[in-house]
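Student: Hey, can we go through this one together? I'd like to start with what's tucked away and what isn't.

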Amino acid sequence: QVQLVESGGGLVQPGGSLRLSCAASTTIFSINSMAWYRQAPGKERELVANITRSGIRNYANSVKGRFTISRDNAKDTVYLQMNSLRPEDTARYYCNARAGHLDYNYWGQGTRVTVSS
């Protein structure tokens, strides 16, 4: 079982920055990749960024150049540095981990990010 603990969400003004953290733990599986998703009210959940164990990163077009995903493999912790935040970035952000040889999906409870003046 993988447990994900998220932190770092909150309220920020447009143009500001936030850094999200997600610490993963497991007693059985190794973690193959980690990612951040987000879901705004009334909208479907979407992928924001993901990162493999080898450090390969992918980003949604809407956040390229503004967000940076990073990972500490030793601690199985993933971060999302969010800069130049916009009101449309307002959403609940969810940590995701894919673990084990069967690549099971695990999800955190999410952390709220609100971008407003």
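Student: Is Asp 89 buried or exposed?
Tutor: Asp 89 counts as buried, because its relative accessibility is 1%. Buried means under 20% relative accessible area, exposed over 50%, and partly exposed in between, using a 1.4 Å probe and protein chains only.

Student: Where do these numbers come from?
Tutor: It's a predicted model: local features need pLDDT of at least 70, side-chain atom pairs count only at pLDDT 80 or more, and totals for chains, interfaces and linings use all residues. Residues are numbered from 1 along each chain as its sequence is written, and side-chain values use heavy atoms, with hydrogens and water left out.

Student: Cool. Which side chain meets Asp 89 in a salt bridge at 2.8 Å?
Tutor: That's Arg 66, with the 2.8 Å taken from N to O. A salt bridge here is a side-chain nitrogen of Lys or Arg within 4 Å of a carboxyl oxygen of Asp or Glu. Arg 66 is in the loop between β6 and β7 and Asp 89 in the loop between β8 and β9, so the pair ties together parts 23 residues apart in sequence. Strands are DSSP runs (E, at least two residues), numbered from the N terminus.

Student: And which residues end up in one network?
Tutor: Salt bridges with shared partners join Arg 38, Glu 46, Arg 66 and Asp 89.

Student: New topic: why is β8 largely enclosed?
Tutor: Because five of its six residues (77-82) are buried.

Student: How do β7 and β8 pair?
Tutor: In the antiparallel sense, over six bridges; strands pair if DSSP finds at least two bridges between them.

Terms used: Helices (H or I, at least four residues) and strands (E, at least two) are DSSP runs, numbered from the N terminus.
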